[in-house]
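Me: Hi! I'd like to walk through this structure with you, pockets to begin with. Could you start with how the elements get their names?

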Amino acid sequence: LRTSNFELRTQHIPQRILVIRLDRIGDVVLSTPVLQELRRAYPQAFVAMMVRPVCRELVEGNPFLNTVILYDKDGAHRGVWATIRFAWGLRRVGFDTALVLHPSHRSHWIPWLARIPVRIGYHRKSSWLLTHRVPHHKQEGTTHEAEYALDMLGVFGLPLTTPQPLVPIQPQADAQVRQRLHQQGIGDRAVVIAIHPSASDDSKRWPAERFAQLADQLIDAHHAHIVLVAGPEAVDHARAVEQHMRQRAINFAGHLSIGELAALLKQCRLLVSNDSGPVHIAA
């Protein structure tokens, strides 16, 4: 059963669809089932996804997408006029449908400025800019994020399916990660365990010394190779774990792109992590 009672329906058959998701890494991953269902329902449609640059490799190469559009709110598109020019540029693409999977003011303003005729999103944050507004119940926490994103497709009358998130692994990233591991003396059949000790705020972070204690125990019990991963902004968290360990860890923190992280996690038997985006990539 759907989590919301959709009263809005449209006879509109989309031909050129823009899916917008400008928030976090994990949420972008959990939105990928929407792409699969759109492709299944509209096999001839042109489907694009707009994400932040940091999320590009999570959707590039997705077989259900035609293209990826980058919106860089902290760089090239920072500020009101840069965003307006970006939206005007979208007009040339000729999208007829926008699906905004996370409510934010800019996510609603952009398709409106781009003059996309059908604009679907949640009834929250400048939702008057939308043509179809879906009730927003995310704060209730009764539905998984992937199902919540799929639920929006009820506007088209599409059935709710079991979510199957997808992160494509690019051959180049896979080869680079294997080479990095081989340089550390780790073969393809070795037991590799990734540890991601960072998170968006302190309340989500397990202490570094506990990660270190666990890592040492995993090495002792399973002859595992421990690989520390973190983004460039969180290398200190990985370094703290490394310093508390009795045994050697391989510290890749700050040295992997998102695509390379996905390729590494594919090689791992286990990921130990705080509540953060790599958990969803690993799954």
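Reply: Happy to. Helices and strands here are DSSP runs, numbered from the N terminus, with at least four residues for a helix and at least two for a strand. Keep in mind that this is a predicted model.

Me: Great. Which helices each supply at least two residues of the lining of the largest pocket?

Reply: Those are α1 (25-41), α9 (258-267) and α10 (277-282). Of these, α10 gives the most, with 4 residues.

Me: And how much space lies in that largest pocket?

Reply: About 770 Å³. The lining has 29 residues, and I25, H196, S276, G277 and P278 lie nearest the centre.

Me: How does the lining of the largest pocket split by class?

Reply: There are 13 nonpolar, 10 polar and 6 charged residues.

Me: OK, what about the second largest pocket, how much space is there?

Reply: About 240 Å³. That pocket is lined by 14 residues, with V167, H280, I281, A282 and A283 nearest its centre. The elements giving two or more residues to its lining are α1, α9 and α10. Here, too, α10 gives the most, with 4 residues.

Me: What classes of residue line the second largest pocket?

Reply: The lining has 12 nonpolar residues, 1 polar and 1 charged.

Me: How many cavities of 30 Å³ or more are there?

Reply: The count is 1. The largest cavity has a volume of about 50 Å³, and its lining is made up of R178, L181, I186, G187, D188, V192 and Q267. By class, that comes to 3 nonpolar, 2 polar and 2 charged residues.

Me: V192 rings a bell. Where does V192 point, relative to the rest of β7?

Reply: V192, A194 and H196 point one way from β7, while I193 and I195 point the other way. This fits a general pattern: side chains in a regular strand alternate between the two faces of the sheet.

Me: How many of the residues in β7 are buried?

Reply: 5 of its 5 residues are buried, so strand β7 (residues 192-196) is mostly covered, taking buried to mean under 20% relative accessible area. H196 from this strand is also among the residues nearest the centre of the largest pocket.

Me: What's the strand order in the sheet with β7?

Reply: The order is β9-β8-β7-β10, an open sheet of 4 strands with parallel pairing. β9 (250-251) and β10 (270-273) stand at the edges, each with a single partner strand, so one side of each has no neighbour in the sheet.

Me: How many bridges join β7 to β8?

Reply: β7 is joined to β8 (residues 225-228) by 4 bridges, and the two run parallel. V192 has H225 of β8 as its bridge partner. With β10, β7 also pairs in the parallel sense over 4 bridges, and there A194 stands opposite L271.

Me: Switching topic: how many disulfides do you count?

Reply: The count is 0 disulfides.

Me: Are C55 and C268 buried or exposed?

Reply: C55 is buried, with a relative accessible area of 0%. C268 is buried too, at 15% relative accessible area.

Me: Now backbone oddities. Which residues in the loop between β5 and β6 should I look at?

Reply: Look at K125 and S126, which sit in the loop between β5 (118-122) and β6 (132-134). K125 is not a glycine, yet it has a positive phi of about 55 degrees, and S126 has a positive phi near 55 degrees as well. Most residues other than glycine have a negative phi.

Me: Which of those two is buried, and which is partly exposed?

Reply: S126 is buried, because its relative accessible area is 16%. K125 counts as partly exposed, with 36% relative accessibility.

Me: Where else does a positive phi turn up?

Reply: R115, just after α4, takes a positive phi of about 60 degrees.

Me: Last one: which residues of α4 are buried, and what covers them?

Reply: In helix α4 (residues 105-113), the buried residues are S107, H108, I110, P111 and L113. Their cover includes β1 (16-20), β2 (46-51), α3 (80-90), β4 (97-100) and β5.

Me: Lovely, thanks!

Methods
Residues are numbered from 1 along each chain as its sequence is written. This is a predicted model: local features need pLDDT of at least 70, side-chain atom pairs count only at pLDDT 80 or more; totals for chains, interfaces and linings use all residues. Side-chain values use heavy atoms; hydrogens and water are left out. On a 1 Å grid over the protein atoms alone, a cavity is a set of points where a 1.4 Å probe fits but cannot get out, and a pocket is an open set with protein on both sides within 12 Å along at least five of seven lines; lining residues have an atom within 4 Å of a point. Grid points are joined across faces, edges and corners, and a volume is the space filled by probe spheres set on the points. Ala, Val, Leu, Ile, Met, Phe, Trp, Tyr, Cys and Pro count as nonpolar, Asp, Glu, Lys and Arg as charged, and the others, Gly among them, as polar. A disulfide is a pair of cysteine sulfur atoms within 2.5 Å. Buried means under 20% relative accessible area, exposed over 50%, partly exposed in between (1.4 Å probe, protein chains only). Contact means heavy atoms within 4.5 Å. Two strands pair if DSSP finds at least two bridges between them.
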